[in-house]
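Me: Pick one residue in this model and take a close look at it. Then work outward and connect it to other sites worth checking. Keep it brisk.

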Amino acid sequence: MHQVLIVGAGPVGLTLAAELSRYGVQVRIIDRSPHPTETSKALVVWSRTFELMDRMGCTPAFLDAGLHARAASIRNGRTVLGHTGFDTIASPYNFALMLPQCDTERLLNVQLQALGVAVEREVELLGFSQTPTHVEARLGHADGREEGVETSWLVGCDGAHSTVLHGLGFAFQGVAQGDDWMLADVRLEGEGAPPANEIATFLHRDGPFVVFPIPGGRSRIVATVGKTVAGQSRPDPTLSDVQAMADERAGGGFRVADPVWLANFRINERKVSDYAKGRVFLAGDAAHVHSPAGGQGMNTGMQDAFNLSWKLAMVIRGEARASLLDSYTPERSAVGDMVLRNATRMTDMGTLAHPAAQAARNLVLRFMLGFHAVQDRMAATMSEVEIAYAKSLLSIGRHAGDRFPPPQHDGPAPGSGTMPRFVLFSADQARGAALAARFPGVLDPRPRTPPDAQSLLIVRPDGYVGLSVTSNDWAETERFTQLLAA
Ligand SMILES: Cc1cc2nc3c(=O)[nH]c(=O)nc-3n(C[C@H](O)[C@H](O)[C@H](O)COP(=O)(O)OP(=O)(O)OC[C@H]3O[C@@H](n4cnc5c(N)ncnc54)[C@H](O)[C@@H]3O)c2cc1C
């Protein structure tokens with residue numbers, strides 16, 4: 001019996017499989033599709049995803065393959081209404097890495113294979129049931145054969161039409177956004193094209209026109225093409241449709257050429273309220289879908305996987321109590337709510353239809369984006385470095401739940417070894433080491449020096465502060481550790 005069955009080998013399932021394997025958990029990962037994604041889909045990998053990926057050890061391969069976008073601009077024709085630089089993001093990765101999703105998946109696959117795990121393709125989850133001790137799953141193979149498997153845990157990373165979500169009987173609450181959108185991966189030629197290291201959003205009375213740079217000298221264009229009519233789908237755009245749109249909405253001045261992907265898509269804004277039931281979990285698009293505004297979808301999904309992986313590994317390895325897993329839904333559902341809210345707000349703002357509302361929006365944007373503080377907040381939110389878990393069951397103390405700033409490329413992050421461990425930061429190293437020796441399955445044996453001598457901190461394996469108390473509060477520190485330990 002495998003310990004974890006992962007359904008879906010998109011970016012989220014691959015991240016989860018790689019992390020669990022790194023922690024020595026036996027995983028089986030299946031995907032019904034015969035091959036990985038071949039298109040560019042999600043293009044942006046944000047700062048916080050890299051900070052978490054650092055623990056996997058594969059960040060350099062991503063940085064080599066991608067393009068560093070340094071800023072985002074909001075434009076009205078040839079006028080720049082506002083400009084946000086990413087260099088103020090408080091992270092070693094203070095940029096947006098532009099990388100087609102097919103490359104993200106390829107590199108995650110390389111990482112997974114190095115850990116000795118291969119994705120089983122053309123294997124589909126048909127259904128499942130669970131008992132208090134295990135999950136029984138029915139798998140369908142390409143040759144029509146059905147296989148029954150038992151697994152201790154099942155994770156649905158099976159995307160927006162998740163079989164796992166339906167099997168749990170959960171509602172995917174939300175709405176369809178209401179517009180038809182087009183997508184074009186093309187080459188831009190001409191002086192009027194936005195800079196090749198910038199994400200440019202052109203606001204226009206007929207709807208937004210967004211240009212994302214892609215490695216290899218290409219760009220992704222996304223734009224609204226009209227209201228959705230129920231039961232009717234549009235033909236894919238042609239290159240001349242895209243050119244007409246660029247001339248009309250982006251001030252002319254550049255030609256679109258050499259298309260590699262022209263398509264239409266629609267946006268759903270939906271989310272589950274529970275990410276888990278018993279021994280079954282949901283992560284990624286199976287739990288939340290929203291507009292691509294801000295490029296948060298894949299990043300949020302991969303961070304679901306990081307959050308779940310160390311918790312599941314510690315419970316499976318018998319080091320932490322099973323109640324640790326109860327923190328997964330509240331932590332990640334709150335993040336999902338926030339991401340969905342922000343993406344919806346940005347999309348609504350970009351698609352305002354009334355001319356007076358559009359004029360007011362442009363005025364406000366021009367005014368607000370003149371302030372550095374507003375620009376910095378926008379960048380911090382998009383980069384996901386502001387995500388925190390203050391209200392988590394695992395957060396005790398004033399700064400608990402905050403992200404603990406990662407080291408500046410000076411070696412692996414604390415607790416990033418092949419066993420997930422909490423790291424104690426104490427000025428009293430001897431006492432810290434003695435406590436760690438009593439809880440070897442939970443605490444890293446090497447206490448670190450705290451950034452501030454007045455505090456005693458316990459930092460989670462994913463780099464968030466769990467406990468934050470005064471330097472002499474060993475009673476609370478011991479209680480916190482005992483609550484975690486199996
Ligand atoms: C056209 C387009 C453009 C996008 N642009 C962006 C963007 O710019 N930025 C952004 O952040 N996001 C974007 N997205 C969304 C992004 O692609 C998703 O957020 C991301 O793919 C989610 O990853 P996932 O692993 O959760 O799911 P998926 O990538 O959907 O992977 C799910 C996998 O599960 C498999 N599967 C499904 N059911 C079963 C089953 N029953 N048994 C076995 N396998 C199964 C599927 O074959 C699939 O491989 C875009 C999506 C599309 C379609």
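**Pro-215 and beyond**

Reply: Pro-215 counts as partly exposed, at 23% relative accessibility. The cut-off matters here: buried means under 20%, and exposed means over 50%. Pro-215 falls between these limits and is therefore partly exposed. Keep in mind that the model is predicted.

Pro-215 sits in the loop between strand S14 (209–214) and strand S15 (218–227). Its contacts beyond four places in sequence fall on two stretches of the chain: Ala-65, Gly-66 and Leu-67, then Met-98, Leu-99 and Pro-100. Pro-60 is 155 residues from Pro-215 along the chain, and their C-alpha atoms are separated by 16 Å.

Met-98, touched by Pro-215, belongs to strand S7 (96–98). That leads to Asn-94, in the loop that runs from strand S6 (79–85) to S7. Asn-94 is partly exposed too, with 22% relative accessibility. Its side chain reaches back to the backbone oxygen of Asp-87, at 3.2 Å. Asp-87 is also among the residues that Asn-94 touches, along with Arg-70, Phe-86 and Ile-89. Ser-47 lies 47 residues from Asn-94 in sequence, yet the C-alpha atoms of the two are 6.3 Å apart.

Two loop residues lie between strands S2 and S3. His-35 is one of them. Its relative accessible area is 38%, so His-35 is partly exposed. From His-35 to Ala-118 the sequence gap is 83 residues, and the C-alpha to C-alpha distance is 13 Å. Lys-41 is in this loop as well, which runs between S2 (27–31) and S3 (44–45). Lys-41 is partly exposed, with a relative accessible area of 41%.

Lys-41 also deserves a backbone check. Most residues other than glycine have a negative phi. Lys-41 has a positive phi, near 25°. Glu-384 is another non-glycine residue with a positive phi, about 65°. Its place is in the loop between helix H10 (372–383) and strand S20 (396–397). Lys-41 is partly exposed, whereas Glu-384 counts as buried, at 2% relative accessibility.

Ser-426 is a buried loop residue, with a relative accessible area of 1%. It lies between strand S21 (423–425) and helix H11 (429–438). A polar atom of the Ser-426 side chain is 2.9 Å from the backbone nitrogen of Asp-428. Beyond four places in sequence, Ser-426 touches Arg-448, Thr-449, Pro-450, Leu-456 and Trp-474.

Now from loops to helices. Two packed helices are described by the angle between their axes and the distance between the axes. For H7 (residues 297–316) and H8 (residues 328–350), the angle is about 170° and the axes are 11 Å apart. An angle over 145 degrees counts as roughly antiparallel, so H7 and H8 are roughly antiparallel to each other. By class, their contact has 4 nonpolar, 3 polar and 4 charged residues.

Who meets whom? H7 contributes Thr-300, Gln-303, Asp-304, Asn-307, Leu-308 and Lys-311. H8 contributes Tyr-328, Glu-331, Arg-332, Val-335 and Val-339.

Asp-304 is worth a stop. It lies in H7 and counts as buried, at 0% relative accessibility. A polar contact of 2.7 Å joins its side chain to that of Arg-332. Arg-332 is one of the H8 residues in the helix contact. Asp-304 also touches Tyr-328, another residue on the H8 side. Further contacts of Asp-304 are Tyr-275, Ala-283, Gly-284 and His-288.

Last, the cysteines. How many disulfides are there? The count is 0. Cys-102 is in no disulfide, and its nearest cysteine sulfur, in Cys-58, is 16 Å away. A disulfide needs two cysteine sulfur atoms within 2.5 Å. For Cys-157, the closest cysteine sulfur is again that of Cys-58, at 16 Å, which is too far for a bond. Cys-157 itself is buried, with a relative accessible area of 8%.

Back at the start, then: Pro-215 is a partly exposed residue in the loop between S14 and S15, in contact with residues including Gly-66 and Leu-99.

How values were computed
Residues are numbered from 1 along each chain as its sequence is written. This is a predicted model: local features need pLDDT of at least 70, side-chain atom pairs count only at pLDDT 80 or more; totals for chains, interfaces and linings use all residues. Side-chain values use heavy atoms; hydrogens and water are left out. Axes are lines fitted to C-alpha atoms, for helices over the stretch in contact, and angles run from 0 to 180 degrees between N-to-C directions. Helices (H or I, at least four residues) and strands (E, at least two) are DSSP runs, numbered from the N terminus. Angles under 35 degrees count as roughly parallel, over 145 as roughly antiparallel, 65 to 115 as roughly perpendicular and the rest as oblique. Contact means heavy atoms within 4.5 Å. Ala, Val, Leu, Ile, Met, Phe, Trp, Tyr, Cys and Pro count as nonpolar, Asp, Glu, Lys and Arg as charged, and the others, Gly among them, as polar. Buried means under 20% relative accessible area, exposed over 50%, partly exposed in between (1.4 Å probe, protein chains only). A polar contact is a pair of N or O atoms within 3.5 Å; within protein, one must be able to donate a hydrogen and the other to accept it, and residues adjacent in sequence count only if both atoms are side-chain atoms.
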